[in-house]
Amino acid sequence: MRQDKSLISRSDPTRDLAFDILTGIFEHRRMLETTMDRSSIKAGRDRASAHRLAATVLRHYGSMTELLRPLLKKEPPVPVLCGLLMGVAQLRYLETPPHAAVSTVVALLRRRRLTPFAGLANAVLRRVAREGAELEAGLDHERLDIPPWLWSAWGDRARAIAAGLYQEAPLDIRLKPGIAPPMALPAGRDMSPETGDDTEDSTRDDLPRIAPRLLPNGSARYPAGTRVTLLDGFEEGQFWVQDAAAAMPVLLMGAVAGKNVIDLCAAPGGKTAQLASQGAHVTAVERDATRMRFLKENMKRLDLEVTCVQADAMTWRPKDKADMVLLDAPCSATGTFRRHPDVLWVKRPRDILSLTQQQDRLIDAAHEMLPPGGTMIYAVCSLQDEEGPDRVQAACARGWALHPFTEKEAGAMSFAVTASGCFRTHPGMWPEEGGLDGFFVARLKRI
Ligand SMILES: C[S@@+](CC[C@H](N)C(=O)[O-])C[C@H]1O[C@@H](n2cnc3c(N)ncnc32)[C@H](O)[C@@H]1O
C-alpha cells in the first residue's frame with residue numbers, strides 16, 4: 001500500500017488526542033477524562049471523534065492485542081502498541097478506509113518521534129487490513145477484553161457482565177415531577193460538519209427531533225451520543241443526567257417527602273436532586289471542594305434547595321440525628337465501564353482494598369448520624385463483591401441489620417433483587433431496554 005505523503009505532514013487532532021488518552025492510561029494510569037480536560041484540542045467534533053476512537057480501543061483492547069500477537073516478533077513499547085491498536089480499531093470497528101487507517105497511524109508515530117517503528121506499523125496494519133477477519137477468528141472476545149483479575153473476581157457472572165462492554169451507553173435523564181421529557185436532536189447532528197463547533201440555534205431549529213424512550217422506572221433514555229446540554233429545558237433546570245440504575249438507590253428509599261435525609265458523598269448531586277425534588281430536606285455532604293461547587297451549580301440550575309456541607313463524612317457529624325442516610329460511597333466504579341471503559345484498565349486490585357477500608361469507615365460514620373432503628377441506604381457503582389455484599393456482611397457484625405428489599409419495591413427492576421434482598425445490576429442486564437450501569441444497593445437498619 002502506498003503511503004499518502006499529504007497525510008504524514010498534516011496535523012491530526014483526533015488521532016493526537018486519542019493517542020494521548022491511550023498512552024495516559026497505559027503508561028501513567030491516568031483516567032481518560034483527565035487527559036480530555038487537559039487537552040488543548042477544543043473543537044467539539046475532534047474531541048468527540050478522539051473519545052470514540054480511544055473508547056473503541058479500550059473496549060476491544062484484549063482481543064485486538066491478541067490479534068496483533070502473531071504479527072509482532074516482540075512486544076513493542078507501549079506508545080507503539082497504542083498506535084497500532086488505534087489502527088486496528090479503525091480497520092476492524094470504525095470502518096475507516098484502509099489507506100487512511102494505515103497512513104494516519106504511520107504519520108502519528110512519526111509526529112511522536114517514533115519514526116523507527118513507522119515501517120513496522122505500516123507492514124503490520126497492512127496485514128490487518130488484508131487478513132483481519134482470519135486473524136480474529138476463534139478469539140474469545142469477551143474473555144480477552146476484560147482484564148484477568150476482574151474476570152476472575154466476577155466469577156460465574158463474568159461472561160454476562162462482559163456482554164455489556166460493546167454497547168455504547170445511552171443518555172439517561174431524570175425529570176423534575178410533572179415535567180415531560182423533551183425531544184432530542186439525533187446524535188451527531190448537533191455540530192457543524194465544517195468546524196466541529198456547536199451548530200447555530202437557527203440551524204438546529206430546522207433539524208428533525210427524536211422522542212426518548214420512557215423506561216418503566218421513570219427515567220427517560222436517549223441514544224448514545226445525545227448531548228444533554230442541547231435538550232430543551234436543560235438551562236431551565238427541568239432534568240439532570242442519571243443512569244437508570246443510578247436512580248434506583250433513591251427510588252428504593254420509598255417516600256422521602258418531609259424527611260430529613262443526609263446524603264453522604266453527594267457530588268455531583270444526581271441523588272441529591274432526586275431526593276430534593278421529591279420534597280426531602282436534604283443535607284448534602286461532600287469532601288471535594290471542586291465537586292461541591294459542581295453540586296451547588298447543579299442545584300442552582302435545578303432550582304432545588306439543599307443544605308450543602310463541604311466536609312469529610314468520616315468525621316463530620318450532624319447536630320440532630322437524621323431520619324435516613326444515603327451513603328453513595330466512593331468505589332472502584334467498575335459498574336460504569338460502558339460509559340468509562342478506561343476504569344477496566346486503570347483500576348488495580350490493590351485499589352479495592354483501600355476503597356473497602358474507606359467504605360467501612362463511612363458506614364460506621366453513618367451509624368452515628370442515625371437513631372437506633374434508623375435506615376441507611378448503602379450504594380456503590382461497583383461490580384466487586386468486596387465493595388458490595390462483603391461490606392454489608394461486615395456491617396452486620398458492627399451494629400447494623402440488613403433490611404431486605406422486596407421484588408415489589410424494585411418494580412420493573414425486580415430481576416435485580418438478590419437472594420439476600422440486596423439490589424444488584426450489571427452492564428449486561430436489561431439489554432432489551434439498552435442496558436444498565438452496574439450498581440449495588442443495600443438497606444441497613446441501625447440496631
Ligand atoms: C460515587 S460519587 C457520588 C455520586 C453522587 N452521590 C451522585 O449521585 O451524583 C462519590 C463522591 O464521594 C466523595 N467522597 C469521597 N470520600 C468522601 C468523604 N470521606 N467525605 C465526603 N465525600 C467523600 C467524592 O469526592 C465523590 O464526589
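Select helix H4 and colour its buried residues: Ala50, Leu53, Ala54, Ala55, Thr56, Val57, Leu58 and Arg59. This is a predicted model, and the tour starts inside it.

**Helix H4 and its cover**

H4 runs over residues 44–59. Put a distance between its end C-alpha atoms and the viewer should give 22 Å. That agrees with the 22 Å expected of 16 residues at 1.5 Å a residue.

Next, show what lies over the buried residues of H4. The cover includes helix H2 (13–28), helix H3 (32–38) and helix H5 (61–68). Helix H6 (78–92), helix H9 (141–145) and helix H16 (343–346) also belong to it.

**Confidence**

Now colour the chain by pLDDT. The mean is 94, and 94% of the residues reach 70 or more. Two stretches to pick out are residues 1–8, where the pLDDT is below 50, and residues 192–196, where the pLDDT is also below 50. Beyond near neighbours in sequence, residues 1–8 have 15 contacts in the model, and residues 192–196 have eight. Where pLDDT is low, the predicted coordinates should not be read in detail. For the complex, the predictor gives an ipTM of 0.99 and a pTM of 0.93.

**The two domains**

Colour residues 5–145 as domain 1 and residues 248–446 as domain 2, following the domain assignment of the chain. Taken over C-alpha atoms, the centres of domain 1 and domain 2 are separated by 37 Å. Where they touch, nine residues of domain 1 are in contact with six residues of domain 2. Which helix gives the most to the domain 1 side of this contact? H4 does, with three residues. H2 and H4 each supply at least two residues of that side.

**The open sheet E2-E3-E1-E4**

Select the four strands that form an open sheet in the order E2-E3-E1-E4, with antiparallel pairing. Strand E2 (213–214) and strand E4 (239–241) stand at the edges. Each has a single partner strand, so one side of each is left without a neighbour in the sheet.

Zoom in on strand E1 (residues 171–175), which is joined to E4 by three bridges, the two running antiparallel. To find one of the pairs, select Ile173; its bridge partner in E4 is Val241.

**The annotated binding site**

An unreviewed UniProt entry places a "binding site" at Cys265, Ala266, Ala267, Pro268, Gly269, Gly270, Lys271, Glu286, Asp312 and Asp328. Select these residues, then take Ala267 and Pro268 in turn.

Ala267 is in the loop between strand E5 (260–264) and helix H14 (270–277). Is Ala267 buried or exposed? Ala267 has 24 other C-beta atoms within 10 Å, so it is buried; 20 or more is the cut-off. Leaving aside neighbours within four places in sequence, Ala267 is in contact with Glu286, Asp288, Arg291, Met292, Phe294 and Leu295. Glu286 is itself on the UniProt list.

Pro268 lies in the loop between E5 and H14. With 19 C-beta neighbours inside 10 Å, Pro268 counts as partly exposed. Leaving aside neighbours within four places in sequence, Pro268 is in contact with Arg291, Phe294, Leu295 and Asn298. Of these, Arg291, Phe294 and Leu295 also appear among the contacts of Ala267.

**Strand E9 and Cys381**

Move to strand E9 (residues 375–380), which is mostly covered: five of its six residues are buried. E9 pairs with strand E8 (residues 324–328) in the parallel sense over five bridges, and with strand E12 (residues 439–446) in the antiparallel sense over six bridges. Select Met376 to see both pairings: Met376 in E9 is the bridge partner of Val325, and its bridge partner in E12 is Leu444.

Finish at Cys381, which UniProt lists as "active site" in an unreviewed entry. Cys381 is in the loop between E9 and helix H18 (389–395). Cys381 has 25 C-beta neighbours inside 10 Å and counts as buried. Leaving aside neighbours within four places in sequence, its contacts are Ala246, Cys331, Ala333, Gly335, Thr336, Asp437, Gly438 and Phe439. Show these residues together with Cys381 for the last view.

Terms used. Residues numbered from 1 in each chain as written. Predicted model: local features only at pLDDT ≥ 70, side-chain atom pairs only at ≥ 80, totals over all residues. pLDDT = per-residue confidence, 0-100. Contact = placed C-beta atoms within 7 Å. Pairing = 2+ DSSP bridges. Expected span 1.5 Å × (residues − 1). Buried ≥ 20, exposed ≤ 12 C-beta atoms within 10 Å, placed from the backbone. UniProt positions renumbered as here; feature names shortened; annotations may be inferred. Domains from an automatic or database assignment.
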